[in-house]
Amino acid sequence: MSKAQSFSRRGFLRRSGWWAATPLAAPHLIRSGDPLAQPGQSPRHIIMLISDGMSAGTLTCADHLSQLTRGRGTVWMELFKHPRAHVGLMNMRSLDSMVTDSSAASSSWGSGSRIANGAVNVLPDGRALKPLYSILAEAGWKRGLVTTTEITHATPAGFAANDDSRGSAENIARQYLERRVDVLLGGGQKFYDPQKRKDKADLWQEYRAAGYCVMMAADDLKKAPPDQRWLGTFHESHLPFTVDHVHDAELMAKVPTLPEMTRAALARLEKENHFILQVEGGRVDHGCHACDAPAALYDQLAFDEAIEVCLEFQKRSPETLVVITTDHGNGNLGLNGMGKNYADSSPLFANLKSAKASFDAILKKLGTAPEITVIQEVIREATGYSLSESKAALLVPFLAKKGETLYDLMNSASAQLGQLLANHWGIGWTGNAHTADYVNIVAIGPGAERFRGFIQNTDVFHKFLALAEIDFKNPEVPLKAKMEPNPGRHDAIAWHWRETHSA
Ligand SMILES: [Zn+2]
């Protein structure tokens, strides 16, 4: 149990209670320090795009894969050459660790304050922080959240919600309604469904009663009325990985892609005087937790198409600031030097072109005790890799959950499948969890120059508010990271993946 979880939700709601329909308190407690917008700097629209869990190697490999599959590099890398784009690096550490999770990361942008991993905009002492979307709403800004994960997942939640545990998805679904977030598109039907919710509440009905258009399928999105608020949940849990999605006609008909949801959200919000839209490629992270290169890289390319949609919008509406980043590295995949003079690296990497299924899908087919020939056949069909009998046999104990590895973190069927397929794609992994890497950030549009150089995660909140000409600061507490060496064995292997990512 994390420290944050030991505080009751009721307790912190009672202690804070800022959202009880009170206007933004003025004068504000502390000046944020970021100078307010200068003439020509004030964006009317802000779009923040987040590829969740994207290491530098993911960005590089996605650019190479884009060349192979689309005949051009990624839009993200194109922006590095754009004369008006500003590029920086950002420190994403959380309050209690050099390695952040997605909720502390998003909360740092959403509140301007570092919090402990596992919480959403709540300090370890239980104080709730006022989220960016509540502050902007009071200033008349409309707000949208678009993601490929459950809509209640950590990254979108960090912009709009408060909870001492990121796992409280049912509560977060209700908070979005209470706070009237204007556009909500992603997965996570189960957190709205009266048959599945613990409290049996019919949130779909409650959203409808509050004037929302409630959508469940890609077709609904095409005819959604532009004058209503939107709730679109297109899958029970997370939306499918792109590599599975594009190879399944039925799924393609039912579930919209990230660029499609992004385009629809922008069309809905375009008429608003001010809006902020968060767009998350949320499953790049899940692909990396699984050491699954095709899941991560094809989702990164779908995310890149969403960037393109936003830049097209910016051409029509130049008073739009577009900020593109990730919340942390994950697995730090990289194309390795393979063979004599590394001559095998490029052709091995090109094998990614024929990948047809995620590791999730492969492992589901394999089950826990398949015949060796079945392992060979399933992997050949999904990836094109002709596995030897002896290599296939190495996977057997991990499928049966009886395997043993030298590096504890990699003791899972999925991580070992990633090691095995490193022979076929040339792609290796440092692990299957988040990393402390400083992350890439690119901005273009009015105010973009504020995001260049080396910045802290919490700066993003202050820059957005300064550009919206709002002076506000949430409370902060000192960093709690232990920097002394720990000779003992760490006790929470793959905490993040096992505790927070089960679909
Ligand atoms: Zn993660």
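Strand 8 (residues 320-325) and strand 13 (residues 439-444) run antiparallel and are joined by four bridges. Take Val323: its bridge partner in strand 13 is Ala443. Two strands count as paired here if DSSP finds at least two bridges between them. Strands are DSSP runs of E with at least two residues, helices are runs of H or I with at least four residues, and both are numbered from the N terminus.

A word on the source: this is a predicted model, in which local features need pLDDT of at least 70, side-chain atom pairs count only at pLDDT 80 or more, and totals for chains, interfaces and linings use all residues. Residues are numbered from 1 along each chain as its sequence is written.

Back to the sheet. It is open and mixed in its pairing, with 10 strands in the order 5-6-4-3-7-1-8-13-2-14. Strand 5 (212-215) and strand 14 (453-456) are at the edges with a single partner strand each, so one side of each has no neighbour in the sheet. From one strand to the next, the twist averages 15°.

Zooming out, the chain has 21 helices and 14 strands. Of its 503 residues, 50% count as buried; buried means 20 or more other C-beta atoms within 10 Å of the residue's own, exposed means 12 or fewer, and partly exposed is in between, with C-beta atoms placed from the backbone. Among the contacts in the chain with a separation of 6 or more, 74% link residues 24 or more positions apart. A contact here means that two C-beta atoms, placed from the backbone, lie within 7 Å.

Gln314 gives a nice example of a long-range link. This residue lies in helix 14 (residues 293-316) and is partly exposed, with 19 other C-beta atoms within 10 Å. Leaving aside residues up to four places away in sequence, Gln314 touches Thr320, Val322 and Gly445. Gln314 and Gly445 are 131 residues apart in sequence, yet 7.9 Å apart in space, C-alpha to C-alpha.

Helix 14 turns up again around helix 16 (residues 359-366), where Phe359, Ala361, Ile362 and Leu363 are buried. The buried residues of helix 16 pack against helix 10 (242-245), helix 14, helix 17 (372-383) and helix 19 (413-425).

Now for a helix pair. The axes of helix 4 (residues 102-111) and helix 20 (residues 457-467) come within 6 Å and cross at roughly 30°. The two helices are therefore roughly parallel to each other, a label for angles under 35 degrees. Axes are lines fitted to C-alpha atoms, for helices over the stretch in contact, and angles run from 0 to 180 degrees between N-to-C directions. Helix 4 contributes Ala105, Ser108, Trp109, Gly110 and Ser111 to the contact, and helix 20 contributes Asn457, Thr458, Val460 and Phe461. These residues divide into four nonpolar, five polar and no charged, with Ala, Val, Leu, Ile, Met, Phe, Trp, Tyr, Cys and Pro counted as nonpolar, Asp, Glu, Lys and Arg as charged, and the others, Gly among them, as polar.

Finally, some backbone angles. Most residues other than glycine have a negative phi, which makes the two non-glycine entries below worth a look.

| Residue | Phi | Place |
|---|---|---|
| Arg180 | near 55° | loop between helix 7 (169-178) and strand 4 (183-187) |
| Lys200 | about 60° | loop between strand 4 and helix 8 (203-209) |
| Gly367 | about 70° | just after helix 16 |

Arg180 is partly exposed, with 15 other C-beta atoms within 10 Å, whereas Lys200 is exposed, with 9.

How values were computed:
Parallel < 35°, antiparallel > 145°, perpendicular 65-115°, else oblique.
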